[in-house]
Amino acid sequence: MTQPPQNPYGHDPRHPAPDVYGPGAGLYGQPPQQPAQPAYPYGEPPQPGPPDQHGWPPASLPPRKRQRDSEPGRFVWGDLIAVLAYVVVMLVGGVSLLALVPPFSTMLGSGVEQQEQQALFLLNVIGYGVMVFIALALSAKALWRSVRAFGHLWWLKLLLVPVAWVGTLILTALLVLGLGGEPETSENQLAIESMLAFVPFLAAVLVMGLLGPYVEEYFFRHLLIGKLSRYINIWICGVISVITFPLLHFIPALVLMLADPSAPTDLTVISVVPYVVMGSVFTLAYILTGRSLIYAWLLHAFNNVMALVMAYFVQPQLEQFLEDSGIDDVGGLVAHTGAVLRVLTETTLALTGGK
């Protein structure tokens, strides 16, 4: 008896396979129903534009790039250790204990101003060197993430660095004039100027222009805004940073006020203005660039370096020019001009031994 030909692909078409998907579903049943596609997650999908002049549909535009967040991370125990080290080394003056060790004790006890100021500067070098090492060890990954996020509109960010510095000077001057007070110089700034008279320019740039700003940005922006904003609104953190930033530079005055409220200090509204303005600029730049530690440090470093350029080169030349021009007696113009320059070029560096 002749056998019917076999179907090489499975069942004989005259004898269909059993319906595994339910009765009445056809030869091999219906496939399972797929779930409905979710709606467009951000509302209505973008509608295509009109065709071009040749009738071709418009090309799809690539998604617009946005500023990446630098992801400062969470608080770790090392951050607490860094804060304690900063309080002990820089604020309490723990590094000043080195003044008891030669050659610092010899230089500080020499009675020669040049040696005394150079010894104070070396103490600052050691203090900020220790703090930069700790800050870099704890923030290296966040710093690298901020470098990677810097690529978005990098040319505009670099252009805004000198613009922000000039804007800071103008805003500071307007506020000082608007408050109707005479330009004042803080004790911190006077101590810095005394020390700079005996310190080479490049050495001052290294410590005051590079190391000091990174330490301050680590504490006032990276910790107080970047990490704290995981728990508190970022703009509230920004206000906290702006308020605490000037306090660092007036600690002796605050201590004196607590000890004797009637004692005169250099803590006045006019003397605080430059620090508030700079702290506000650094804070806004940090937040708007995606909590970028590298950009906040770059702004702060540029500000301090330009302040050093003014202190070393511009201010002496201008004062000398005014004196040579014979107009130093016109309403105390020379003294007034020097005070304005000092206010506008505050280096925002807290000294460890000379405050």
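**Exercise 1. Is the crossing of helix 4 and helix 10 left-handed or right-handed?**

Before we start, note that this is a predicted model, where local features need pLDDT of at least 70, side-chain atom pairs count only at pLDDT 80 or more, and totals for chains, interfaces and linings use all residues. Residues are numbered from 1 along each chain as its sequence is written, and side-chain values use heavy atoms, with hydrogens and water left out.

*Solution.*
- Step 1: locate the pair, helix 4 (residues 154-178) and helix 10 (residues 293-324), whose axes lie 10 Å apart at an angle of about 45°. Helices are DSSP runs of H or I with at least four residues, numbered from the N terminus. Axes are lines fitted to C-alpha atoms over the stretch in contact, and angles run from 0 to 180 degrees between N-to-C directions.
- Step 2: helix 4 is therefore oblique to helix 10 (under 35 degrees counts as roughly parallel, over 145 as roughly antiparallel, 65 to 115 as roughly perpendicular, and the rest as oblique).
- Step 3: the crossing is right-handed; that is, the near helix is turned clockwise from the far one by less than a right angle, while anticlockwise would be left-handed.

**Exercise 2. Describe how helix 7 packs against helix 9, and which residues take part.**

*Solution.*
- Step 1: the axes of helix 7 (residues 234-248) and helix 9 (residues 269-288) come within 8 Å and cross at roughly 150°.
- Step 2: the two helices are therefore roughly antiparallel, and the crossing is right-handed.
- Step 3: the contact (heavy atoms within 4.5 Å) includes Trp235, Gly238 and Phe245 of helix 7 and Tyr275, Gly279 and Leu284 of helix 9.
- Step 4: sorted by class, this contact has 11 nonpolar, five polar and no charged residues. Here Ala, Val, Leu, Ile, Met, Phe, Trp, Tyr, Cys and Pro count as nonpolar, Asp, Glu, Lys and Arg as charged, and the others, Gly among them, as polar.

**Exercise 3. Work out how far apart the ends of helix 3 are, and where its kink is centred.**

*Solution.*
- Step 1: helix 3 has 37 residues, and a straight helix would reach 54 Å at 1.5 Å a residue (the expected span is 1.5 Å times one less than the number of residues).
- Step 2: the end C-alpha atoms are only 47 Å apart.
- Step 3: now look for a bend, the angle between axes fitted to the seven residues ending at a residue and the seven starting there. A kink of about 65° is centred on serine 139.
- Step 4: Ser139 also belongs to the contact with helix 6, together with residues including Tyr128 of helix 3 and Phe219 of helix 6.

**Exercise 4. Find the backbone features at proline 103 and glutamate 71.**

*Solution.*
- Step 1: proline 102 and proline 103 are joined by a cis peptide bond, with omega about 5°. Proline 103 sits in the loop between helix 1 (77-91) and helix 2 (104-108).
- Step 2: glutamate 71, a residue other than glycine, has a positive phi near 55°. Glutamate 71 lies in the segment before helix 1.
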